Amino acid sequence: MHRRKLYLISTVILFATIFSCCEMRAQFSGPSASDTFHDKSMLKPAVGSKVSVIVFEDLGCPACAYAHPIEIEATQKYHVPLVRYDFPIAGHIWTFDGAVCARYLQDKVNPKLADEYRTAVFASQMSIANKDDLQHFTQRWMQQHGQQMPFVMDPNGELAAKVRADYNLGIRLNVQHTPTVVVVTRGGYQVVCGAPDGSSDPKRLFPVIEAAISQTKAERP
């Protein structure tokens, strides 16, 4: 009898674990790309939202530059939050500093201006080859937008620490490609870009977001 109880308990735990994994990973629209995610605790919508789009990006990544306007268009069309995390690749010598500049605008000036800066950097990737190029680009851009570029943008290292925190979140999740784009709800997620096989089509954001919204509307409160 004791062994039978242990067997039943083990079976319940096994099925609960399987159900939990299936529940977390959703298929809102079309085939769900495979992933190698580890710590999935961050895959949840922004506060006050049922559906969000999470992006891990590198300012020097051409694929990120291609996906960037599509992400903006899709999230604005469906009125869902776009949650960005900086994931500067070590081999891109200027992108960490670019992320710090964007964080300066986000935290110290205006979040909307920070978004515009990121868009401008993505559009100007081909003209930025090193940190000096980034410095000159940022200085011109700030002047054009009525901002005075500080002599030292991050004197205490506070902004750099936030960029590293974003990067560490990506490491915990096991981000392997940029951009990694995921549509998330409270009950699951679907990978749009960043699958291990390298497949990436940011235009799939539109049907995936729409299906995720429909699914959340159909769920019981």
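The expected span of a helix is 1.5 Å times one less than its number of residues. Keep that in hand for this tour of a predicted model.

**Stop 1: helix 2**

Select residues 62-78, which are helix 2. At 1.5 Å a residue, its 17 residues should span 24 Å, and the end C-alpha atoms lie 25 Å apart, so the two values agree. Now zoom in on His-68. A kink of about 30° lies there, shortly before the proline Pro-69. Step past the end of the helix to His-79, whose phi is positive, near 55°.

Next, show side chains. The buried residues of helix 2 are Cys-64, Ala-65, Ala-67, His-68, Ile-70, Glu-71, Ala-74, Thr-75 and Tyr-78. His-68, the site of the kink, is thus on the buried list. What do the buried residues of helix 2 pack against? Their partners are strand 1, strand 2 (82-86), helix 4 (111-123), strand 3 and helix 7.

**Stop 2: the sheet**

Colour the strands. Four of them form an open sheet in the order 2-1-3-4, with mixed pairing. Strand 2 and strand 4 are the edges, each pairing on one side only. On average, neighbouring strands are turned by 20° against each other, direction ignored.

**Stop 3: strand 3**

Select 180-185, which is strand 3. Of its 6 residues, 6 are buried. Thr-180, Val-182 and Val-184 point one way; Val-181, Val-183 and Thr-185 point the other way.

Look first towards strand 1 (51-57). Strand 1 and strand 3 run antiparallel, joined by 6 bridges. Pick Val-51: its bridge partner in strand 3 is Thr-185.

Then turn to strand 4 (189-193). Here 4 bridges join strand 3 to strand 4, again antiparallel. Val-181 has Cys-193 as its bridge partner in strand 4, and Val-183 stands opposite Gln-190. The two strands form a hairpin with 3 residues between them.

**Stop 4: helix 7**

Select residues 205-218. Helix 7 has 14 residues and reaches 20 Å from first C-alpha to last, close to the 20 Å expected. Which strands does helix 7 lie across? It lies across strand 1, strand 3 and strand 4, and runs at about 15° to strand 3.

Show its buried residues: Leu-205, Phe-206, Val-208, Ile-209, Ala-211, Ala-212, Ile-213 and Thr-216. An α-helix has 3.6 residues a turn, so residues three or four places apart point the same way. The buried residues of helix 7 pack against strand 1, strand 3 and strand 4, and also against helix 2. That last contact leads back to the first stop.

Conventions. Residues are numbered from 1 along each chain as its sequence is written. This is a predicted model: local features need pLDDT of at least 70, side-chain atom pairs count only at pLDDT 80 or more; totals for chains, interfaces and linings use all residues. Side-chain values use heavy atoms; hydrogens and water are left out. Buried means under 20% relative accessible area, exposed over 50%, partly exposed in between (1.4 Å probe, protein chains only). Contact means heavy atoms within 4.5 Å. The bend at a residue is the angle between axes fitted to the seven residues ending there and the seven starting there. Two strands pair if DSSP finds at least two bridges between them. Axes are lines fitted to C-alpha atoms, for helices over the stretch in contact, and angles run from 0 to 180 degrees between N-to-C directions.
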